[in-house]
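Please open the structure in your viewer and keep the selection tool at hand. The tour below proposes one selection after another and states what is to be found at each.

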Amino acid sequence: MAEANANLLKLPGSYLFAEIAKRVRAFTQAHPDADIIRLGIGDVTQPLCPAVIQAMRDAVDEMARAETFKGYGPDYGYAFLVDAIRAGDYAPLGVDLAFDEVFISDGSKCDVANFQELFSAESRVAVTDPVYPVYVDTNAMAGRAGELTPQGRWQGLVYLPCHAENGFVPALPERPVDIIYLCYPNNPTGTTLTRGQLQQWVDYARDTGAVILYDAAYRAYITRAGIPRSIYEIAGADKVAVEFCSFSKTAGFTGTRCAYTVVPHAVAVGDGSGGKVELNALWKRRQSTKFNGVAYPVQRGAAAVYTPQGRAQTQATVAYYMENARIIRDALAARGVTVFGGVDAPYIWMRTPAGLDSWAFFDYLLESLHIVGTPGAGFGPSGEGYFRLTAFNTLALTRRAAERFAKLP
Ligand SMILES: *Cc1c(COP(=O)(O)O)cnc(C)c1O
């Protein structure tokens, strides 16, 4: 009989969002008239902007005529989109990327999930705690995480705790690691690193030969000057870092699907026989074998984000969400709640009041204020005692939720 991949059998069920849905369902069945406001949404809610819609319509029309029809596209994305990214996202930061260092894909989740395939099975992996679960689960599936303890920690992973006491700045690992996942602005904490703090990680990677996998999915939400929008703003990062960016949160593409990954030629790893091999070459090989590109109309839509209209329209939507974030932050702070994030990210990470644990506060918020959020403990052990709220609901419902926060204990 065929046997299952034992590594997959070690994975716990996707408990967090299933458990939230279960508790909300039970509450609404018991209280059908309760006006529930969802501040747990990890997805955008505003429509694609007009510039993107027009570009996609035009591209669909091209697909309708033999003279302009497109079949398979280039393996790593159309030149019009790669060049728009280089000129629009990197040149303004003083970062000069070669054409073949940018890879278009249908999502950062899959890229960040797939990228670990390029490393040896023995590679030691470091993740922040709390964490975006994809980094952890994909390494567990590949057999790099060892066994799961009853406390929910994988024995084979190196966890980098992030909490109020260290300002959500992970300390450099105490034991050697080969792969480091960093996500800034962070999901779930909404916090960022300064240039100096990120420089320490780049220097560490350069000194030790580690590779940083840098998830910048929320870079469009940075409002403060001086916060790095790309790890390549940091000296030496082009030798040690791969960067994942997505149109999902930047331009509302969660359902449309387009992203890109930057793999500089200078990032190299050992080849097992004393030499070195570029990750860029390995990613090309992997993508050309397992991936067949993003739909032409979708790539046209993504390129429209870089037009003057597209830029203004997508920035307006980001500003709309960030106004929601400000409203939530202010309402919580007015009640004396300790809040983090929400300034350079659409996530607000709050300390649970009155010493409640994450799930007890979830129940309180649902039952007393009819607001749904996400327990911090669901993102890792260091998330206990914290709670995540998101800025992705409508302005009207966010305002209504903020009024309810006035009743917090
Ligand atoms: C939403 C999100 C992404 C983007 O994923 P897509 O597959 O591009 O939609 C990547 N990383 C993090 C941490 C996210 O929250």
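Select Trp349 and Arg388 first: Arg388, in strand S15, is the bridge partner of Trp349. Strands, and the helices met later, are DSSP runs numbered from the N terminus, with at least two residues (E) for a strand and at least four (H or I) for a helix. This is a predicted model, in which local features need pLDDT of at least 70 and side-chain atom pairs count only at pLDDT 80 or more, while totals for chains, interfaces and linings use all residues. Residues are numbered from 1 along each chain as its sequence is written, and side-chain values use heavy atoms, with hydrogens and water left out.

**The sheet around S15**

Extend the selection to residues 347-351, strand S12, and residues 386-390, strand S15; the two pair in the antiparallel sense over five bridges. Two strands are said to pair if DSSP finds at least two bridges between them. Further partners along this pairing are Ile348 with Leu389 of S15, and Arg351 with Tyr386 of S15.

Now add strand S11, residues 339-341, which runs antiparallel to S12 and is joined to it by three bridges. Here Phe340 has Trp349 of S12 as its bridge partner. In the hairpin of S11 and S12, five residues lie between the strands, and Gly342 takes a positive phi near 75°.

On the S15 side, select strand S14, residues 374-375, which pairs with S15 in the antiparallel sense over two bridges. Pro375 stands opposite Phe387 of S15.

With these four strands shown together, the order of the open sheet can be followed as S11-S12-S15-S14, with antiparallel pairing. S11 and S14 are the edge strands, each with a single partner strand, so one side of each has no neighbour in the sheet.

Which residues cover the two faces of S15? Tyr386, Arg388 and Thr390 lie on one side, Phe387 and Leu389 on the other, and all are buried. In a regular strand the side chains alternate between the two faces of the sheet. Buried means under 20% relative accessible area, exposed means over 50%, and partly exposed is in between (1.4 Å probe, protein chains only). Because five of the five residues of S15 are buried, the strand is largely enclosed by the rest of the structure. S12 is mostly covered, with four of its five residues buried.

**Val337**

Select Val337 next, in the loop between H11 and S11. At 12% relative accessibility, Val337 counts as buried. Leaving aside residues up to four places away in sequence, Val337 touches Leu332, Met350, Arg351 and Leu408; such contact means heavy atoms within 4.5 Å. Val337 and Leu408 are 71 residues apart in sequence, and their C-alpha atoms are 9.0 Å apart in space.

**Helix H4**

Move to residues 79-90, helix H4. Its 12 residues reach 15 Å from the first C-alpha to the last, close to the 16 Å expected at 1.5 Å a residue; the expected span is 1.5 Å times one less than the number of residues. Leu81, Val82, Ala84, Ile85, Gly88, Asp89 and Tyr90 are buried in H4. Seen down the axis of H4, these buried residues fall within an arc of 160°, so they line one face of the helix; the arc is that of the directions from the helix axis to the C-beta atoms. Among the elements that cover them are strand S2 (102-105), strand S8 (259-262) and helix H11 (308-334).

**Helix H6**

Select residues 133-141, helix H6, where Val134, Tyr135, Val136, Thr138, Asn139 and Ala140 are buried. Their cover includes helix H1 (6-10), helix H5 (108-114) and strand S5 (179-183). Just after H6, Gly143 takes a positive phi of about 85°.

**Cores and domains**

Which residues touch the most other members of the largest nonpolar core? They are Ile212, Phe247 and Tyr260, in a core of 52 residues. A second, separate core of 47 residues includes Val44, Tyr347, Leu365 and Leu369. A nonpolar core is a set of buried Ala, Val, Leu, Ile, Met, Phe, Trp, Tyr and Cys residues joined through side-chain atoms within 4.5 Å.

Finally, colour the chain by domain: domain 1 is 13-47 + 309-405, and domain 2 is 53-306. These bounds come from an automatic or database domain assignment. The domain centres, taken over C-alpha atoms, are separated by 26 Å. Where the domains meet, 27 residues of domain 1 are in contact with 36 residues of domain 2.
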